[in-house]
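Trainee: Before we go through this structure, I would like to see how each label follows from its cut-off. Could we take the labels one by one?

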Amino acid sequence: MMAAGWVPTLMGIALRGVVYRSILHMQGWAAIERGVRLRFAANIRLGHGAYLDEGVYLHACPRGIEIGPRTIVMHGAVLHVYNFRNLPHAGIRVGRDSLIGEYTVIRGQGGVEIGDRVYTSPFTQILAVDHVFDDPDRPFVEQGITAQGIRIEDDVWIGSGAVVTDGVCIGRGSVVAAGAVVTEDVPAHSVVGGVPARILRTIDGEARVSRPVFFATQEGGG
């Protein structure tokens with residue numbers, strides 16, 4: 001594995017694609033850059049066209065990590081399923097055509113379900129675990145944890161530095177502002193921001209952008 005891990009450029013990506021197929025579950029082909037670290041690789045599933053950038057770390061205890069087709073996991077992102085307490089719903093599932101931004105941290109002890117076309121900006125944290133600290137006479141590390149899980153539905157955009165806490169559902173088509181701390185469910189098609197996050201407005205189809213808007217072009221287009 002180390003022999004394939006350092007090889008740069010497209011030749012390295014192709015070589016790693018062949019090698020990694022022998023230790024994880026890969027549907028079709030996925031691109032894996034050098035410097036990617038995998039723990040418990042047998043519990044990792046990559047969809048066709050998935051991409052793991054340099055410095056990505058996947059830690060996949062039982063129930064593991066699944067990354068959907070054409071989903072991109074950017075440089076330095078950490079997806080961590082740490083399940084040595086027999087948690088019933090531990091795991092991370094990311095849908096198709098999503099993007100996990102640079103240095104995003106996802107902890108899946110309670111289970112994290114991320115839909116299709118979900119974008120997280122750099123330094124987002126999605127944390128499906130929490131410590132109990134009610135007893136002032138005991139260290140918090142002796143009081144156990146909760147792990148309710150997080151669900152992020154399709155077409156959600158999460159801004160840079162936002163934190164999504166355990167037990168939250170973010171509804172389809174919503175936007176979480178940069179730096180927000182989401183502690184309660186977010187209704188579909190809402191914009192939320194602040195600490196703790198609150199609804200700023202509803203996405204209702206009314207145009208609010210007065211500057212130029214650019215769209216992806218078809219292959220070979222202008």
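Mentor: Let us begin with accessibility, where buried means under 20% relative accessible area, exposed means over 50%, and partly exposed is what lies in between. Keep in mind throughout that this is a predicted model.

Trainee: Why is arginine 93 called partly exposed?

Mentor: Arginine 93 has a relative accessible area of 24%, and partly exposed covers what lies between under 20% and over 50%, so arginine 93 counts as partly exposed.

Trainee: What makes the contact of glutamate 66 with arginine 93 a salt bridge?

Mentor: The closest N and O atoms of glutamate 66 and arginine 93 are 3.6 Å apart, and a salt bridge needs a side-chain nitrogen of Lys or Arg within 4 Å of a carboxyl oxygen of Asp or Glu, so the pair qualifies. This pair links distant parts of the chain, with glutamate 66 in strand S7 (residues 65-67) and arginine 93 in strand S10 (residues 92-94), 27 residues apart. Glutamate 66, at 35% relative accessibility, also counts as partly exposed.

Trainee: How do you know that arginine 117 and aspartate 155 meet in a salt bridge?

Mentor: The N to O value for arginine 117 and aspartate 155 is 2.6 Å, which is set against the cut-off of within 4 Å and therefore satisfies it. Here too the pair links distant parts of the chain, 38 residues apart: arginine 117 lies in the loop between strand S13 (112-114) and strand S14 (119-120), and aspartate 155 in the loop between strand S18 (150-152) and strand S19 (157-158). Arginine 117 is partly exposed at 36%, and aspartate 155 is partly exposed at 29%.

Trainee: What makes glutamate 153 and arginine 151 a salt bridge?

Mentor: Their closest N and O atoms are 3.5 Å apart, and the limit is within 4 Å, so the label holds for glutamate 153 and arginine 151. Salt bridges that share partners also join Arg117, Asp154, Asp155 and Arg172 into one network, and the structure holds seven salt bridges.

Trainee: Why are strands S24 and S25 said to pair?

Mentor: Strand S24 (residues 190-193) and strand S25 (residues 198-202) share four bridges in the antiparallel sense, whereas pairing asks for at least two bridges, so the two strands pair. In S25, isoleucine 199 is the bridge partner of valine 192. S24 and S25 form a hairpin with four residues between them, and glycine 194 in the turn has a positive phi of about 105°.

Note on methods
Residues are numbered from 1 along each chain as its sequence is written. This is a predicted model: local features need pLDDT of at least 70, side-chain atom pairs count only at pLDDT 80 or more; totals for chains, interfaces and linings use all residues. Side-chain values use heavy atoms; hydrogens and water are left out. Buried means under 20% relative accessible area, exposed over 50%, partly exposed in between (1.4 Å probe, protein chains only).
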